[in-house]
Amino acid sequence: MSLVDRYGRRVEYVRLSVTDRCDFRCVYCMAEDMTFVPRRDVLTLEELLAVGRAFVAQGVRKIRLTGGEPLVRRNILWLVEQLAAVPGLEQLVMTTNGSHLADMARPLKQAGLARLNISLDTLDPARFRELTRTGNLADVLAGIDAAQAAGFAGTKLNAVILRGRNDDEIEALVDFARVRGLDITFIEEMPLGQIDEHDRAIAFMPSEEVRARVHARWPLAAVPDDQSAAGGPSRYWRMAGSPTRVGFISPHSHNFCHLCNRVRVTAEGRLLLCLGNEHSLDLRQVLRERPGDDQALAQAIVSAMDLKPERHHFNLQEAPQIVRFMNMTGG
Ligand code: SAM
Ligand code: SF4
C-alpha cells in the first residue's frame, strides 16, 4: 500500500498533533491569550492510535508526535507504547519544548520512542522567559540532559531565529549543540496565525544569513545525499571535526514543496495536506460516525491525497492567509 498524490509525491511521514495545549506561549507560535479547542473536539488517545494505524496500513513509515506540547497530554506514554508497537512503523519520534523531559525522557525511551527534537531558541534565562512568555530555561536544559542520560541518540535542537531578538545567539546555540553532540536546525518564522507581539516581516531572518554567520565561524560543508533529510524541508551541513549537523528550514527562501512527503493531523483530527494551505479533510467525523470502521478511515485518507496542493505561498507583507496557529497545525 502507498499514498501517492496528484503530483506523484509519496506520503510516508505523518505529523500527529496530540493536543493544541501547551505550557509555553512562544511569541511566534501563539497569541498571549489563546482559546484552545474544547476537549471533546480533540481526538481521544484511542482515536489518535486508530489514525496512526490507518496511516501505517497505507505505507506511512514515520510518525512524529507533536502539538501544542505533546508532553502535556495526559497518558501520552500509553499512545507512544501503542504506536511504537504498530508493525510497519519504522520511526516514532516527537517534537517537544523539553519542559517535561526531566521526568519523561526515560519513560518515553522505555515506551519505544525513537528520537526527540527539542526546541531551544536562546540560552539566556530572561530572554527565554520573554520568548516563551511562561517557560523556564533551566527546566529545558535539565530535559536535554535527561534525554541524553536516557540514551536518546540523534537528538536535534530546533531554533526559530528572530532578528533583533535572538540572532545574536546563533553561534552560541551551535556551540551548545557541538559541545553536547546534538544536531541543530534553524527555522525561519512562518506566518501562521495572527500575532500582535512582533511584526513578522521585521523579525524575519533568512536562513542564508544564519548560515553565513555559522559558516564564518565553522566552515560548513553540505551533507551529500542526506537520507535523513529525504523528502524533508531541512538541508543539512557539517562542520569539520564535529558530528553535529546544522540544518536550515527555509520555507520563504527555499521552496521544498516538490519533495514534500508529509501530511499533518491536527489535534481535532483535521488532516492537513500542506502546512501553508487550508486544504484538509475531517478524519474526526469519519472516526465518530463510523467508529471501528478501518475501511472508512483508510478510504478517507486515500481520497484526501487528491487534495494535496502543489506548493505553499507565504507572503510576509500581507495579512496571514493561514489563520490557524502553529500549535493547531502540528508543527
Ligand atoms: N511544543 C513543541 C515544541 O515547541 O517543540 C512542539 C510543537 S511546536 C508548534 C513545533 C515547532 O514549531 C517548534 O520547534 C517551534 O519552534 C516551531 N514553530 C512554532 N511556531 C512557528 C512559526 N510561526 N514559524 C516557524 N516555526 C514555528
Ligand atoms: Fe508551545 Fe511549542 Fe508553540 Fe512554543 S512552539 S507555544 S512550546 S507549541
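Is Glu47 buried or exposed at 13% relative accessibility? Select Glu47 to start the tour, and keep in mind that this is a predicted model. At 13%, Glu47 counts as buried, because the cut-off for that label is under 20% relative accessible area.

**Stop 1: Glu47 and Arg288**

With Glu47 still selected, add Arg288. Their side chains form a salt bridge, with N and O 2.8 Å apart. Now colour the two helices: Glu47 belongs to α1 (residues 45–57) and Arg288 to α9 (residues 283–289), so this pair ties together parts that lie 241 residues apart in sequence. Arg288 counts as partly exposed, at 34% relative accessibility, while its partner Glu47 is buried. If you fancy showing every salt bridge, the count comes to 15.

**Stop 2: Glu169 and Arg127**

Next, pick Glu169 and Arg127. Here is another salt bridge, and the closest N and O atoms are 2.8 Å apart. Glu169 sits in the loop between β7 and α6 (170–180), Arg127 sits in helix α4 (residues 125–132), and the pair links these distant parts of the chain across 42 residues. Glu169 is buried, at a relative accessible area of 9%. Arg127, at 21%, counts as partly exposed.

**Stop 3: Arg180 and Asp145**

Move along to Arg180 and Asp145. Their salt bridge has its closest N and O atoms 2.6 Å apart. Arg180 is in helix α6 and Asp145 is in helix α5 (residues 137–149), so the bridge ties together parts 35 residues apart in sequence. Both ends count as partly exposed: Arg180 at 26% relative accessibility, and Asp145 at 41%. Before you leave the salt bridges, add Asp168 to the pair from the previous stop: Arg127, Asp168 and Glu169 are joined into one network by bridges that share partners.

**Stop 4: ligand 1**

Centre on ligand 1 and bring up what surrounds it. There are 19 residues around ligand 1, and the closest are Tyr28, Gly68, Thr96, Ser119 and Met190. Two strands are worth colouring here, β5 (91–96) and β7 (156–160), since each supplies at least two residues of the shell.

Now draw some distances from the nitrogen atoms of the ligand:

- To Tyr28: a polar backbone atom lies 3.0 Å from a nitrogen of ligand 1.
- To Gly68: a backbone N or O atom is 3.0 Å from a ligand nitrogen.
- To Glu69: a polar side-chain atom is 3.2 Å from a ligand nitrogen.

Switch on a surface too: the protein covers 96% of the 550 Å² of accessible area that ligand 1 has on its own.

**Stop 5: Glu69**

Stay with Glu69 for a moment. Glu69 is placed in the loop between β4 (62–66) and α2 (76–84). Which side chain of opposite charge is nearest to Glu69? That would be Arg25, 10 Å away, and Glu69 is buried yet has no salt bridge. Leaving aside residues up to four places away in sequence, Glu69 touches Thr19, Arg21, Cys22, Asp23, Thr96 and Asn97.

**Stop 6: two backbone oddities**

Most residues other than glycine have a negative phi. Follow the loop between β4 and α2 to Asn75. Asn75 isn't a glycine, yet has a positive phi of about 60°. At 54% relative accessibility, Asn75 counts as exposed.

For the final selection, jump to the loop between α4 and α5 and click on Arg133. Arg133 also has a positive phi, about 65°, and is not a glycine either.

Conventions. Residues are numbered from 1 along each chain as its sequence is written. Chains are lettered from A and ligands numbered from 1 in the order in which they are written. This is a predicted model: local features need pLDDT of at least 70, side-chain atom pairs count only at pLDDT 80 or more; totals for chains, interfaces and linings use all residues. Side-chain values use heavy atoms; hydrogens and water are left out. Helices (H or I, at least four residues) and strands (E, at least two) are DSSP runs, numbered from the N terminus. Buried means under 20% relative accessible area, exposed over 50%, partly exposed in between (1.4 Å probe, protein chains only). Lys and Arg count as positive and Asp and Glu as negative; His and the chain ends are not counted. A salt bridge is a side-chain nitrogen of Lys or Arg within 4 Å of a carboxyl oxygen of Asp or Glu. Contact means heavy atoms within 4.5 Å. A residue is near a molecule or strand if one of its heavy atoms lies within 4 Å of it. A polar contact is a pair of N or O atoms within 3.5 Å; within protein, one must be able to donate a hydrogen and the other to accept it, and residues adjacent in sequence count only if both atoms are side-chain atoms. Accessible areas come from the Shrake-Rupley method with a 1.4 Å probe; for residues, only the protein chains shown count as cover.
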